[in-house]
Amino acid sequence: MNMQTSHVMAPPPPKRLEEMRLPVVMMRDILLKTMFRKNVDMVSDLSGAICLPRAVTQELVDMARDQRLLEATGTLNANSGNEMGYQLTDLGKARAQDALAQSEYFGPMPVPLDVYREQVKRQSIRNIQITRQQLTSAMGHLILPGSLLDHLGPAVSAGRSILMYGPPGNGKSSISNGIRDAMGDKIYVPRAIEYAGQVITVYDPIVHSAAEDDEQDPNSLRRVARFDSRYVKCDRPTVITGGELSLDMLDLVYNPTARTYQAPLQLKSTGGIFIVDDLGRQAEPPQTLVNRWIVPLEESKDILALQSGEKFEVPFDTLVIFSTNFHPNEIFDQAALRRIFFKIKIDGPSQENFLKIFALVAKKKGMPLDEASLVHLLKRKYPTIDNVYANYQPIFLIDQMISICEFEGIPYQMSPDLIDRAWANMFVKDEHIVK
């Protein structure tokens, strides 16, 4: 697949402690908590645990030693190139426990929010230019009318918001996934960010898939930091939500035990796509959900709140795709519709495209085509539903016929009778139940 070759500028690793732009006490405490919780005693291991270069980690260790929180163990570790070991002093252990009582967070040093903002600009979704060829390649498994790509391409390249609407079963979700696949480049996701001394975890293995080329050989003597390892190099993220989406999922999640925050879904999807599938099936009305997105969509920034009630701005750099089976006029007022930049109708296939899809699915599943059965389907069955074709129907009908053949112990085949049996399972007759 011909994918993007654009290279996002990587966040450079900090060279000195003063470049970190984090509160010094916070950095020192994270170092102590990490040593206490993970039982690491050498700068090389500590550097990996807190995701900072060795020189910067050494500066932190030296600072903690000056404050009598750490001491050298006096033993050189032969396995690690005669590296000096360090341990917490009694004062250091007390400080680590005190710091853990205030916040359980330890491990990777967070990235200050302002520093993260700079990285978001470097890898903005708005910088992506997707060509027709990339979009066609990513949608290769779907049979779509050419006019659909005419609308979809500019919408994706603009990196704004898209509303896809139309009858169910025509691949709105598959198209959303195809858009994601067309974005072939990688971005850098922070493990955690810091604002006002609070830690907000962002990297989430459920949402983010780390790039395979990010793995470095842990056994190499000189591990060269190609970029700031407080970030993880990932594919552009995709968050997909459906009927379960509620407004509170778009707020910071506070963990009262750990005293840390978890980024909401839209912050995790920064630099990628946020898909709201099945709009209109959520507990909250669609208008309310879209109102929540208005400021972010227009101003490229979102407003989140800490437990204290303090509000602050975070970047909003996400392609939002709303997908619904309802007509937009049924679920939105005109003001909301104006704010969604692109509205694209996804209709069922024409009879010609339906047959193409049917033939493709049959070939893929090893089901021989039969002309009499196809004529029966098009002339007898589809007129009963006003010849309304949907993209999901070929797969449904062929899978049903395969199941019947397997149950009857006969080779895969099509016949008008099997078409009738498969069709009966696709539509439930509206019959009155006699009580």
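The legends below accompany close-up views of a predicted model.

**View 1. Strand β15 is enclosed by the rest of the structure.**
Strand β15 covers residues 319-324, and 6 of its 6 residues are buried, so the strand is largely enclosed by the rest of the structure. Leu319, Ile321 and Ser323 point one way from β15, while Val320, Phe322 and Thr324 point the other way, and the residues of both groups are buried. Strand β4, residues 161-165, runs parallel to β15 and is joined to it by 5 bridges, with Met164 standing opposite Ser323 of β15. Strand β12, residues 273-276, also pairs with β15 in the parallel sense, here over 4 bridges, and Ile273 stands opposite Leu319 of β15. As background to this view, strands of a sheet pair through backbone hydrogen bonds, either parallel or antiparallel.

**View 2. Ser323 of strand β15 makes a polar contact with Asp277.**
Ser323, which lies in strand β15, has a relative accessible area of 2% and is therefore buried. The side chains of Ser323 and Asp277 are joined by a polar contact of 3.3 Å. When residues up to four places away in sequence are not counted, Ser323 touches Met164, Lys172, Val276, Asp277, Asp278 and Leu279. Met164, one of these residues, is also the residue that stands opposite Ser323 where the strands pair.

**View 3. Gln282 occupies a loop and reaches the backbone of Asp277.**
Gln282 is found in the loop between β12 and α10, the latter being residues 286-299. Is Gln282 buried or exposed? Its relative accessibility is 7%, and because buried means under 20% relative accessible area, Gln282 counts as buried. The side chain of Gln282 reaches the backbone oxygen of Asp277 at 3.4 Å, whereas the contact between Asp277 and Ser323 joins the side chains of those two residues. Apart from residues up to four places away in sequence, Gln282 touches Gly242, Gly243, Leu245, Val276, Asp277 and Leu289. Val276 and Asp277 are thus among the residues touched by Gln282, and they are also among those touched by Ser323.

**View 4. Five strands form an open sheet with mixed pairing.**
The 5 strands of this open sheet follow the order β3-β6-β7-β11-β10, and their pairing is mixed. At the edges stand β3, residues 111-112, and β10, residues 253-255, each with a single partner strand, so one side of each is left without a neighbour in the sheet. The pairing of β3 with strand β6, residues 192-195, is in the parallel sense and extends over 2 bridges. Within that pairing, the bridge partner of Val111 in β6 is Ile193.

**View 5. The second largest pocket has a lining to which helix α13 contributes the most residues.**
About 460 Å³ of space lies in the second largest pocket. Of the 17 residues that line this pocket, those closest to its centre are His141, Leu142, Ile357, Val361 and Ile395. Helices α8, residues 172-182, and α13, residues 351-365, each supply at least two residues of the lining, and α13 gives the most, with 5 residues. By class, the lining of the second largest pocket has 9 nonpolar, 6 polar and 2 charged residues.

**View 6. Asn391 lies in a loop and is in contact with Ile357.**
Asn391 is found in the loop between α14, residues 371-381, and α15, residues 393-408. With a relative accessibility of 19%, Asn391 counts as buried, because the cut-off for that class is under 20%. The C-alpha atoms of Asn391 and Ile357 are separated by 7.6 Å, although the two residues are 34 residues apart along the chain. Leaving aside neighbours within four places in sequence, Asn391 is in contact with Gly169, Asn170, Pro349 and Ile357. Ile357 also belongs to the residues closest to the centre of the second largest pocket.

**View 7. A search of the whole structure finds 1 cavity of 30 Å³ or more.**
About 40 Å³ of space lies in the largest cavity, and the residues that line it include Tyr116, Gln123, His208, Pro237 and Lys268. Strand β5, residues 186-190, and α9, residues 265-268, each supply at least two residues of the lining. The most is given by β5, with 4 residues. By class, the lining of the largest cavity has 8 nonpolar, 3 polar and 1 charged residues.

Methods
Residues numbered from 1 in each chain as written. Predicted model: local features only at pLDDT ≥ 70, side-chain atom pairs only at ≥ 80, totals over all residues. Heavy atoms only, no water. 1 Å grid on protein atoms, 1.4 Å probe; cavity = no way out; pocket = protein on both sides within 12 Å on 5 of 7 lines; lining within 4 Å. Points joined across faces, edges and corners; volume = space filled by probe spheres on them. Nonpolar A, V, L, I, M, F, W, Y, C, P; charged D, E, K, R; others polar. Buried < 20%, exposed > 50% of the residue type's maximum accessible area, 1.4 Å probe, protein only. Pairing = 2+ DSSP bridges. Polar contact = N/O pair within 3.5 Å; in protein donor to acceptor, adjacent residues only side chain to side chain. Contact = heavy atoms within 4.5 Å.
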